[in-house]
Each structure stands twice: as C-alpha cells, then as structure tokens.
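Colleague: Hi! I'm new to reading structures, could you walk me through this one?

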Amino acid sequence: MPISRRRLITAATVGGALAALGMPTARAGERVLGAGDAEYQALAQRGYNRRFLARPAKIYVPTTAEEVRRAVAAAVAEDSAIAARSGGHCFDDFVDNARTRSIIDLGRLNTVRWDEHQRAFSVDAGADIGTVYEALHRWGVTVPGGICRGVGMGGHVPGGGYGPLSRRFGLVADHLAGVEVVTVDADGAAKIVLATRGGHDHDLWWAHTGGGGGNVGVVTRFLLRSPDAEGTDPAHALPRPPAHLLNARLILPVATEDSFVRFLGNYLGFFERHSAPGNDFAGLYAPLMIRTTGTAAAELLILFDADSPDARTRFDDFVAAVSEGVFPPPALLPVQRLSYRDTVDRTYYAKAESAFRVKVKAAYLRKAYSPEQLRIFYRYITDLAFLGESQLEFLPFGGAINAVAPDATATPARDSFMKMLIHAAWRSPADDERYVRWAREMYREVHAETGGVPVPNEVYGGSYINYPDPDLADRAWNTSGLPWHAFYYGDNYPRLRRIKAEWDPGNIFAHQLSIGRPDW
C-alpha cells in the first residue's frame with residue numbers, strides 16, 4: 001500500500017524537514033508566489049478551462065531543473081498536494097482543483113537547444129509547441145506535434161502527442177530519446193532522474209511515451225531524437241518536414257441531415273481506407289470541425305504534403321471523394337502552396353488565452369461510425385438550445401502512427417484511423433450543468449451499444465489521455481463494466497502501475513485519472 005505524504009515527512013517545520021532529509025532549503029533568488037503577490041492571480045488562472053480555477057497556497061516559478069527539485073522537496077515537506085503546469089491546456093482539473101496546494105508553473109523553463117552530449121534536442125517542459133517549431137526550423141527539422149501552438153510540451157509529449165505530420169512521422173513520443181524527471185522516493189527525497197530510450201531507467205522513459213503527464217513526477221525536459229537517426233548532425237536527428245504543403249478549406253455552410261450523413265460518412269470512409277502505414281495519403285491531414293450553428297456547418301482544413309509531383313492530383317481526389325453525392329456540394333476555398341514554416345505560422349492555431357468553460361469527450365475509431373450514429377450527432381449539433389462555440393471534431397490518425405507496436409510505447413491505440421472529439425464550450429457558469437449534460441448524453445447515445453462509451457473492440461480503440469474525461473471512471477456514464485484505464489492504456493496498464501509503484505511509492509503525483517487510482 002502506498003505510504004501517505006504525511007508519513008514521508010515528520011519534521012515540525014519546512015526548513016527542518018528539508019534539513020533532516022539532507023535537502024537544501026530554497027535559495028534567496030528562487031520565486032515562490034503567494035496570494036498577495038502581483039503575479040499570483042495571473043498564474044493561478046492560467047489554465048485553459050475556466051470551469052476549473054486553482055487557489056493554491058503557493059505557486060513555484062522555477063527556471064532550472066534544480067529549482068523544480070527544490071520546489072517538489074518543499075511541497076513534500078509541507079505535505080502540500082503538488083501539480084505541475086506546462087502550457088495550461090489540460091481539459092480537466094488535473095492541476096486546477098481545490099486539492100492542489102502547490103502549483104509548479106514551468107512557463108519560464110522553456111529553452112530549446114541541441115545537447116551535444118546526448119546527441120539530441122533538449123526541450124524544456126515549459127516550452128510550447130510553437131516555440132519548439134520555431135527553434136527546430138534553424139536546423140531544418142521538426143517534430144510531428146500538435147496544431148495548437150500554445151500547448152505546452154510538458155503535457156503534450158507524455159500523452160503521446162500528435163498533429164498534422166503524424167500520419168507521415170508518427171507520434172511525438174516515437175521521437176522521445178530521453179526524459180528528465182523530478183521524482184520522490186520512498187524516503188521523501190526529491191531527485192532528478194534522466195531516463196533514456198537506450199537503457200538507463202528505461203521503464204521511466206517508457207511511461208512518458210503515452211502514460212500521460214503528472215503520474216510519476218515533474219518532467220523538466222525532453223530529449224528528442226528519432227530512433228533511426230545516425231551521426232551527430234542536428235539536421236539529421238529528427239524528421240525533415242515537407243518543403244511545401246497545399247493549404248485549403250472545404251466548407252459545408254448548410255447541411256440537411258442526409259447531406260451531413262453523406263459528407264461525414266464519405267470523410268470517415270476515406271480515412272478508414274487510407275490508414276495503413278505508408279499509404280498514398282500519409283501526407284494528408286484534414287481535421288473536420290462541425291459547429292453548433294443550427295445548420296451543422298462543417299469546415300474541413302486540408303493540409304497536404306506538396307513535395308510529390310502528383311500532390312495536386314491526390315489532393316483533388318480527396319476533395320472529390322468527400323464531396324461525392326453531397327448536396328448542396330461543399331465549397332473549396334482557394335488552394336495555396338505554402339512553405340512548411342508559413343503553414344505553421346498562418347494555418348496552425350495561434351496561441352491564445354481561453355475565456356471558455358469546457359467539457360470534452362473523445363474516442364479512437366477503428367471503423368467508421370454507422371449512418372445511425374451520424375444521425376445522432378446531427379440531432380445534437382443542430383439543437384438550437386446550444387448555439388455558440390461548441391463543436392464536434394474529427395482528427396485523422398493512422399499512417400506511420402500505426403507502424404509502431406502497441407507495447408513499444410505506452411500508447412496502445414496503434415490501429416486507429418481517427419479521433420472523435422466532442423468539445424462543448426460556453427461562457428457563463430450558469431450554463432455549466434446543461435452543456436456538460438449535452439456532451440455527456442450525445443456521447444452516451446452514440447455509443448449506446450457498448451455501455452455509453454467507446455469500448456476497445458473491432459470498432460473503437462478507447463480514448464486519448466490528453467483528452468481526459470473523468471466520466472469514464474463513473475458508473476453513471478460508463479455502464480460497460482470496463483474500468484477507466486482500459487480506455488486510455490489497454491494492456492499497457494499493468495506495466496504502468498508497476499512503474500508508478502517504483503517511482504512514486506508515496507503517490508505524491510495524483511489526479512482524477514492518475515495511474516494507480518481505484519478502478520471506480
């Protein structure tokens with residue numbers, strides 16, 4: 001049984017406890033913010049989801065791994081529940097909740113550099129995706145990370161991390177060569193550990209390739225290098241992006257139920273057919289967003305690798321396939337051929353502060369939804385009581401992602417072709433109950449045949465831990481009989497539990513869906 005935080009530290013004062021453990025106390029230059037400090041409020045409310053706001057006793061603002069270690073040590077000494085924040089984009093309350101008394105804000109730990117000793121790119125956990133793309137451009141390389149540039153690497157990578165280039169190059173975690181983590185041992189001592197793909201503390205590395213953030217420690221930096229990279233030249237350590245991409249948007253401004261079903265069915269069917277590694281459309285990323293406008297307005301962003309000579313032909317083939325039989329037909333906006341860098345700057349989503357309250361529900365798809373399920377989506381999306389910022393999203397998966405064995409990393413869903421995301425968003429706290437119920441009931445009705453949830457089987461692949469949904473651990477909304485971790489980790493969960501027990505024996509790092517929590 002894990003020992004409690006209180007049993008780890010028995011000294012009467014923080015300073016005394018740290019000294020008793022052989023740990024130095026905080027240095028004069030280190031920043032620890034309380035409610036009376038000018039920066040406190042801004043950092044306390046830096047989370048993406050306005051449903052959840054933190055009021056911690058302290059916010060630590062480290063700039064080095066050693067300062068993170070000292071912050072963890074101080075929080076443990078005070079028996080103060082810890083949460084680490086990177087970009088602040090977690091959809092649920094893993095950081096921002098009443099339980100959290102100490103937030104370690106990694107926003108100033110944001111350097112990206114080439115580590116000659118490790119022959120890998122060293123990326124601090126507080127760097128956001130946009131910063132990483134810009135830094136790597138210097139060497140002409142990139143990572144297949146997300147399309148939202150403001151997301152922090154500290155949460156993105158441990159959950160697997162995917163984006164527009166993943167069908168070509170796999171997950172970000174597939175290029176993770178090492179991870180530096182502050183952990184706490186059974187004696188309550190905080191220490192910095194560098195775990196690598198190649199061998200040293202391999203299990204701790206593996207847990208950060210899809211096991212999710214905040215489970216076994218505080219990540220301070222990542223080492224990024226592709227498994228097949230050779231030599232010492234940074235320009236060959238990570239994938240080289242396409243020189244150019246075709247950029248366009250396909251708009252369906254108004255959809256009847258039949259045209260909605262036809263359009264979405266065409267779209268899902270296309271990606272289901274083209275999900276194998278190395279398929280002819282591996283260079284295609286086309287996320288579909290359907291907004292709650294009352295008309296099921298759909299917008300398809302199309303990004304296509306333009307380096308091959310037949311790129312425009314394949315692009316046109318895709319547009320024709322998803323538009324077939326749809327009336328009125330969707331409209332293709334002007335197609336642009338942009339450099340990769342310009343695509344990131346102009347097309348990837350800009351960094352922005354959220355003013356929304358959010359509830360998300362997600363699923364991996366191994367087969368397309370049936371027409372009957374698509375009609376359920378249509379009914380909810382066109383409900384005039386929920387006009388506004390909410391949307392239904394479909395995000396292409398597969399390709400090179402599916403070339404990796406499900407146990408090679410902690411990410412199990414290596415045979416899915418699509419992610420579905422219900423993203424309910426609203427502004428007024430008075431609307432919390434009805435919007436949350438709208439998302440929950442849509443999800444439950446679509447997956448009614450499998451207990452209201454996407455049970456991993458021949459049709460579904462569970463869900464994605466970076467889109468966390470505590471409802472999967474609630475029998476009221478998950479009536480499948482399967483525990484929550486079966487959806488996020490599949491057969492990898494027993495190994496993750498063993499790693500958690502070894503590296504976080506006191507369960508210092510815990511949240512609503514953390515490894516080792518009870519099944520229900």
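Modeller: Happy to! One definition to begin with: two strands count as paired if DSSP finds at least two bridges between them. Also keep in mind that this is a predicted model.

Colleague: Okay, so which residue takes a positive phi in the hairpin of β7 and β8?

Modeller: That is Gly-188, with a phi near 85°. The hairpin has five residues between its strands. β7 and strand β8 (residues 190–196) pair in the antiparallel sense, over seven bridges. Within that pairing, Gly-178 stands opposite Thr-196 in β8.

Colleague: And how many bridges join β7 to β9?

Modeller: Six bridges, and these two strands run antiparallel as well. Strand β9 covers residues 218–224. You can spot Val-181 opposite Val-219 in β9.

Colleague: Is β7 buried or exposed?

Modeller: Nine of the nine residues of β7 (residues 176–184) are buried, so the strand is largely enclosed by the rest of the structure.

Colleague: What order do the strands of that sheet come in?

Modeller: The order is β5-β6-β9-β7-β8, in an open sheet of five strands with antiparallel pairing. β5 and β8 are the edge strands, each pairing on one side only. On average, neighbouring strands of this sheet are turned by 25° against each other, direction ignored.

Colleague: What actually holds strands together in a sheet?

Modeller: Strands pair through backbone hydrogen bonds, in either a parallel or an antiparallel way.

Colleague: Now the four-stranded sheet. What is its order?

Modeller: It reads β1-β2-β4-β3, again as an open sheet, and the pairing is mixed. At the edges are β1 (32–33) and β3 (82–85), and each of them pairs on one side only. β1 is joined by two bridges to strand β2 (residues 58–60), and the two run antiparallel. In β2, Tyr-60 is the bridge partner of Val-32.

Colleague: Which helix packs on that sheet?

Modeller: Helix α4 (residues 65–77), which touches β2, β3 and β4 (102–105). The direction of α4 makes about 175° with that of β4.

Colleague: Let's switch to helices. How do people describe two packed ones?

Modeller: By the angle between their axes and the distance between the axes.

Colleague: Then what are those values for α9 and α10?

Modeller: Helix α9 (residues 257–273) and helix α10 (residues 311–323) pack at an angle of about 135°, and their axes are 7 Å apart. That makes α9 oblique to α10.

Colleague: Which residues meet there?

Modeller: From α9 you have Phe-263, Asn-266, Tyr-267, Phe-270 and Phe-271, and they meet Phe-318, Ala-321, Val-322 and Ser-323 of α10. Sorted by class, this contact has seven nonpolar, two polar and no charged residues.

Colleague: What about the peptide bond between Phe-327 and Pro-328, cis or trans?

Modeller: Cis, with omega at about -5°. Pro-328 lies in the loop between α10 and β14 (331–332).

Colleague: Why is that worth pointing out?

Modeller: Because most peptide bonds are trans. In a similar vein, most residues other than glycine have a negative phi.

Colleague: Where is Arg-119, then, and what is its phi?

Modeller: Arg-119 lies in the loop between β5 (112–115) and β6 (120–124). Its phi is positive, about 55°, although Arg-119 is not a glycine. Arg-119 is partly exposed, with a relative accessible area of 36%.

Colleague: And Asp-201? What phi does that residue have?

Modeller: Asp-201 has a positive phi of about 50°, and it is not a glycine either. Look for Asp-201 in the loop between β8 and α8 (202–207). At 24% relative accessibility, Asp-201 counts as partly exposed.

Colleague: Last topic: where is Thr-450?

Modeller: In the loop between α13 (432–446) and α14 (485–488). Thr-450 has a relative accessible area of 16%, so it counts as buried, the cut-off being under 20%.

Colleague: What does the side chain of Thr-450 reach?

Modeller: The backbone oxygen of Val-453, at 2.6 Å. Leaving aside neighbours within four places in sequence, Thr-450 is in contact with Val-455, Asn-457, Tyr-460 and Ser-480.

Colleague: And Pro-518, buried or exposed?

Modeller: Pro-518 counts as exposed, at 55% relative accessibility. Pro-518 is found in the segment after α15 (493–503). Between Pro-518 and Trp-484 there are 9.4 Å in space, C-alpha to C-alpha, while the two are 34 residues apart in sequence.

Technical notes. Residues are numbered from 1 along each chain as its sequence is written. This is a predicted model: local features need pLDDT of at least 70, side-chain atom pairs count only at pLDDT 80 or more; totals for chains, interfaces and linings use all residues. Side-chain values use heavy atoms; hydrogens and water are left out. Axes are lines fitted to C-alpha atoms, for helices over the stretch in contact, and angles run from 0 to 180 degrees between N-to-C directions. Angles under 35 degrees count as roughly parallel, over 145 as roughly antiparallel, 65 to 115 as roughly perpendicular and the rest as oblique. Contact means heavy atoms within 4.5 Å. Ala, Val, Leu, Ile, Met, Phe, Trp, Tyr, Cys and Pro count as nonpolar, Asp, Glu, Lys and Arg as charged, and the others, Gly among them, as polar. Buried means under 20% relative accessible area, exposed over 50%, partly exposed in between (1.4 Å probe, protein chains only). A polar contact is a pair of N or O atoms within 3.5 Å; within protein, one must be able to donate a hydrogen and the other to accept it, and residues adjacent in sequence count only if both atoms are side-chain atoms.
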